[in-house]
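Colleague: Please take a close look at one part for me: the surroundings of the ligand. I'm new to this, so explain the terms as you go.

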Amino acid sequence: MAGGGFGAAGGGGDFEAKITPLVIISCILASTGGLMFGYDVGISGGVTSMPEFLRKFFPSVYRKNQQPGLESNYCKYDNQGLQLFTSSLYLAALVATFVAMYTTKSLGRKLTMLMAGVFFLIGSVLNFAAQNLAMLIIGRILLGCGVGFANQAVPLFLSEVAPTRIRGALNILFQLMCTIGILVANMINYGTDKIKGNYGWRISLGLAGVPALMLTLGSLIVVDTPNSLIARGKLEEGKAILKRIRGVDNVEPEFLEIVEASRVANEVKSPFKNLLKRRNRPQLIIAIFMQIFQQFTGINAIMFYAPVLFKTLGFKSDASLYSSAITGAVNVLSTMVSIYFVDRAGRRVLLLEAGVQMFLSQLVVAIVMGLKVKDNVNNLGHGLGILVLVFVCIFVASFAWSWGPLGWLIPSETFPLEARSAGQSVAVFFNMLFTFIIAQAFLSMLCHMKFAIFLFFAAWILVMTIFVIFLLPETKGVPIEEMTERVWKQHWFWKRYMDEVEVDPKAKADA
Ligand SMILES: OC[C@H]1O[C@](O)(CO)[C@@H](O)[C@@H]1O
């Protein structure tokens with residue numbers, strides 16, 4: 001198929017396939033794209049709390065931090081430039097996503113991943129060597145292009161080379177790699193914070209080159225997906241590669257299905273016009289809201305700014321960095337929980353349970369901070385500091401088995417084939433847009449709203465949970481090409497958008 005998504009593939013049925021070493025190696029190599037994404041999320045918070053980094057690039061923030069009592073605890077890091085350092089990456093990524101949509105289609109997944117790796121490499125060299133703010137921000141923009149290209153191409157790659165029966169697990173592998181990237185970055189910051197002078201932050205930023213190099217070399221080694229080759233007219237090559245990755249000789253049924261899916265997808269001349277058709281409305285609304293809601297859980301306030309946040313709570317530098325590493329570890333482990341439950345308990349159960357857990361934990365954090373963190377004194381005692389850390393972990397855990405992976409999985413499995421690729425890029429775009437908004441606004445919101453920022457997130461969690469109750473159908477166990485018949489046409493609200501969709505007699509008979 002020309003399209004695809006995180007959980008996308010040629011069809012609902014399973015085809016003859018072995019889990020070959022080639023598939024496993026290809027997926028591990030490709031998912032280093034997720035590692036890169038996560039590394040960037042995790043590294044910036046620690047770096048922006050390092051005094052030497054602040055002294056060099058953000059002297060006014062540095063001065064504020066050196067004079068305790070001068071500035072409200074909540075406002076120590078409120079600086080648009082500092083937030084731009086974090087957020088510029090996502091702004092670049094959201095623009096890059098649309099370019100990447102075309103390169104994944106016309107040049108293939110492999111080449112797009114290679115371009116992502118190269119962007120990343122150059123970006124990390126610039127950041128490592130940065131002499132001034134401009135060099136730093138240009139480096140971040142290049143990293144952002146890397147994220148935009150990788151987040152579009154890697155998930156497509158994973159879902160297209162994966163055999164149908166392990167596609168869900170491989171889908172979450174991307175998010176799992178992202179969480180591992182965050183954790184590794186947190187641990188590196190913990191180590192480099194102790195290095196005197198300007199080397200600490202340089203090493204932290206420069207080490208982004210490692211996953212970048214892994215992706216660059218990896219994408220030179222991997223073969224492109226059969227789907228991408230076939231969609232670009234390379235039928236024989238596509239078939240030969242299909243045989244190699246499936247480890248069987250009889251690939252004819254899958255080959256024919258990919259050829260047919262490519263034909264239909266290639267008939268769509270304007271992918272976005274097609275996406276806006278009434279029958280794609282429910283999936284589109286859900287794809288967009290899944291991204292907005294994912295970011296309005298407040299997760300990236302924690303992921304980006306945990307060290308800053310823990311310092312706001314009165315933790316010392318060391319304690320705030322290892323507290324961030326603890327939240328990072330909880331994030332990785334809880335994402336694994338989701339891999340286990342997603343096809344057993346279903347998507348809705350995970351989202352609803354997490355809604356309650358996230359709501360309560362944000363509430364506790366807000367109450368403790370409201371009662372104890374006063375503007376100009378560090379009076380949050382040790383015990384209460386730990387209590388906040390525990391509740392932040394409870395929050396992160398529930399996010400990691402719900403909105404983290406499902407924010408990607410659900411949009412990718414609900415679109416019909418011909419709208420899947422465009423749907424995917426819209427999902428990535430909105431994810432990056434709202435990641436940017438949180439990254440740019442959180443420290444100012446913390447400064448102005450103080451502890452109430454956590455009530456703001458709690459209110460959003462309430463809204464998204466109500467949305468799930470009424471508007472999000474269960475997609476567990478439904479073959480990807482049968483969503484229209486078995487999910488959308490049966491839904492109390494969304495069925496009204498399906499009136500123009502032809503009823504497939506086969507699916508009707510099955511239902
Ligand atoms: O694990 C947390 C991370 O996961 C994401 O939501 C992506 O799915 C990021 O925005 C966040 O930093």
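**Around the ligand**

Modeller: Sorted by class, the shell around the ligand has 6 nonpolar residues, 7 polar ones and no charged ones. Here Ala, Val, Leu, Ile, Met, Phe, Trp, Tyr, Cys and Pro count as nonpolar, Asp, Glu, Lys and Arg as charged, and the others, Gly among them, as polar. Keep in mind that this is a predicted model: local features need pLDDT of at least 70, side-chain atom pairs need pLDDT 80 or more, and totals for chains, interfaces and linings use all residues. Residue numbers start from 1 along each chain as its sequence is written, and side-chain values use heavy atoms, leaving out hydrogens and water.

Now, who's there? The ligand is surrounded by 13 residues (each with a heavy atom within 4 Å of it), and the closest are Q175, Q295, N300, N331 and W408.

Next come the polar contacts (pairs of N or O atoms within 3.5 Å). The side chain of W408 has an N or O atom 2.7 Å from a ligand oxygen. For Q295, a polar side-chain atom sits 3.1 Å from an oxygen of the ligand, and Q294 has a side-chain N or O atom 3.1 Å from a ligand oxygen too. On its own, the ligand has 320 Å² of accessible area (Shrake-Rupley method, 1.4 Å probe), and the protein covers 100% of that.

Which elements give two or more residues to this shell? They are α1 (21-48), α7 (167-192), α14 (281-296), α15 (299-312) and α19 (403-414). These helices are DSSP runs (H or I, at least four residues), numbered from the N terminus. The most comes from α7, with 3 residues.

Methods. A polar contact is a pair of N or O atoms within 3.5 Å; within protein, one must be able to donate a hydrogen and the other to accept it, and residues adjacent in sequence count only if both atoms are side-chain atoms.
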